[in-house]
Each structure stands twice: as structure tokens, then as C-alpha cells.
Amino acid sequence: MIYYERKGIVLRTATGEDVEEMKGKLRASDVEEVQAIGHTPEQGLRKSLGDSIICITLEYCKRPIAMCGIAPDTIVGERAVIWLLGTDEIKRVPKIFFKMSLRVIRFFNSLYPYLYNFVYCRNVESMDWLTLCGAEFGDTIPYGDHGEYFKFFVLRRK
């Protein structure tokens, strides 16, 4: 399904082919984050895709550059885990990436007013992006196979 399409930018339903295309191209910060949890980039992408009720790929010039999705706590509820993994191509189009991010967050928030997750504390790139997107940060906790530190965040419906 295509959610948005204009001037080489497409937001569409993510596929397993996107995982294959992106698994060796993730940003170094995203690779470190999934490894801190105990996954390879491919495992992180596949698990996230499989856990999500809605998973969207941001495609730019016919190449997937980011995947994101939501996985609700319960079938009927107001909370869902939100996630995003991206390639280095994001850095080439930061304004487009930010604009599309806000569009997707608004869409996800229309379904679930409370979106949350944990971000790897060393992933400054993602923490900066989350701040721009309006995230509220909470406690820092050890998480994953190696007890690395992650910071809780929430994106609320506005």
C-alpha cells in the first residue's frame, strides 16, 4: 500500500525485500543500537517488521532508506511501541527525512496516542532526531544482552 508519493519520495508498506536491501546499509548508530540489544542488523529489521501491525518504508529515488513501525501493547489500547531503523541515505536528505518522520508519527499517533520505546544512550543521532520530533525522555535503564544503557521516550498525540 502506498501512503504518500511525490517527487521521488514514497511512504509505503514495508516488505521483506526492504530488509534485504537495507540490512548491510544501516547507519552505524543503528547498527550499534541493534547490536547492543543482541541482534544483527538483519535480525533487528526482521524482528521489528514481524512484530509490527503497521510497518512503513520511506523510499527515496526508488531505494528504501528507512523502515519504521508500531507494535501495540494490546489489541485494544492506546499504547504502542514505535521504532525506526535507517540507512546512511537519510543523511543526504535530512529535510525530507524529518518532514516524512513527522507525517508518519502523526499517522501512528492517530491510531495510538502514546507511542514509546527505548533509545540506545550512545545513539546521539537518534536522540537528537527524537527531540526534534517532540519526544519526551524518561528514565535510563540497562537493557539487552550486554546491559547497555537505553533511555525511555514517549511521543504523544498533540
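In this predicted model, a good place to begin is Ser52, which sits in the loop that runs between helix H3 (41–51) and strand S3 (54–60). Although a loop might be pictured at the surface, Ser52 has a relative accessibility of 13% and therefore counts as buried, the limit for that label being under 20%. Two polar contacts involve the side chain of this residue. A polar atom of the Ser52 side chain lies 2.6 Å from the backbone oxygen of Ser48, and the side chain of Ser52 also meets the side chain of Trp83 in a polar contact of 2.8 Å. When residues up to four places away in sequence are not counted, Ser52 touches Gly69, Ile70, Ala71 and Trp83.

From this loop the path leads on to strand S3, where Cys55 is located. Cys55 has a relative accessible area of 7%, and so it is buried. Its contacts, with neighbours within four places in sequence left aside, are Arg12, Thr13, Ala14, Leu49, Met67, Cys68, Gly69 and Trp83. Trp83 is thus a contact of Cys55 and, as noted above, a partner of Ser52. For a sense of distance along and across the chain, Cys55 and Lys91 are 36 residues apart in sequence, while their C-alpha atoms are 21 Å apart in space.

Since Cys68 is among the contacts of Cys55, a reader may wonder about bonds between cysteines. How many disulfides does the structure hold? The structure holds zero. Why is there no bond from Cys55 to its closest cysteine sulfur? The closest cysteine sulfur to that of Cys55 belongs to Cys68 and is 6.8 Å away, which is too far for a bond, because a disulfide requires the two sulfur atoms to be within 2.5 Å. Cys61 is likewise in no disulfide, and the cysteine sulfur nearest to its own, that of Cys68, is 19 Å away.

Cys61 lies in the loop between S3 and S4, and with a relative accessibility of 43% it counts as partly exposed. The backbone of Cys61 has a positive phi of about 50°, although this residue is not a glycine. A positive phi of about 50° is also found at Lys7, again a residue that is not a glycine. Lys7 is placed in the loop between strand S1 (2–6) and strand S2 (9–13), and its relative accessibility of 70% means that it counts as exposed.

Beyond the loop that holds Cys61 comes strand S4 (residues 63–72), in which Ala66 has its place. Is Ala66 buried or exposed? Its relative accessibility is 3%, so Ala66 counts as buried. Apart from neighbours within four places in sequence, Ala66 is in contact with Met22, Ile56, Thr57, Leu58, Leu85, Gly86, Ile90 and Phe97. The C-alpha atoms of Ala66 and Ile9 are separated by 12 Å, while the two residues stand 57 residues apart along the chain.

Thr57, one of the contacts of Ala66, also leads to Asp18, a residue of helix H1 (residues 16–22). The side chain of Asp18 makes a polar contact of 2.7 Å with the side chain of Thr57, and the Asp18 side chain also reaches the backbone nitrogen of Thr15 at 2.9 Å. Asp18 is a charged residue by type, yet at 3% relative accessibility it counts as buried. Setting aside neighbours within four places in sequence, the residues in contact with Asp18 are Arg12, Thr13, Thr57, Pro64 and Met67. Among these, Arg12, Thr13 and Met67 are also listed as contacts of Cys55, which links this part of the account to strand S3, where Cys55 lies.

The last stop is the largest pocket, whose volume is about 760 Å³. The lining of this pocket is made up of 42 residues, and those that lie nearest its centre are Ser48, Ile82, Trp83, Leu84 and Asn117. Two of these names have been met before, since Ser48 and Trp83 are partners of the Ser52 side chain. Which helix gives the most to the lining? Helix H4 (residues 94–111) does so, with six residues. By type, the lining residues divide into 28 nonpolar, nine polar and five charged.

Notes:
Residues are numbered from 1 along each chain as its sequence is written. This is a predicted model: local features need pLDDT of at least 70, side-chain atom pairs count only at pLDDT 80 or more; totals for chains, interfaces and linings use all residues. Side-chain values use heavy atoms; hydrogens and water are left out. Helices (H or I, at least four residues) and strands (E, at least two) are DSSP runs, numbered from the N terminus. Buried means under 20% relative accessible area, exposed over 50%, partly exposed in between (1.4 Å probe, protein chains only). A polar contact is a pair of N or O atoms within 3.5 Å; within protein, one must be able to donate a hydrogen and the other to accept it, and residues adjacent in sequence count only if both atoms are side-chain atoms. Contact means heavy atoms within 4.5 Å. On a 1 Å grid over the protein atoms alone, a cavity is a set of points where a 1.4 Å probe fits but cannot get out, and a pocket is an open set with protein on both sides within 12 Å along at least five of seven lines; lining residues have an atom within 4 Å of a point. Grid points are joined across faces, edges and corners, and a volume is the space filled by probe spheres set on the points.
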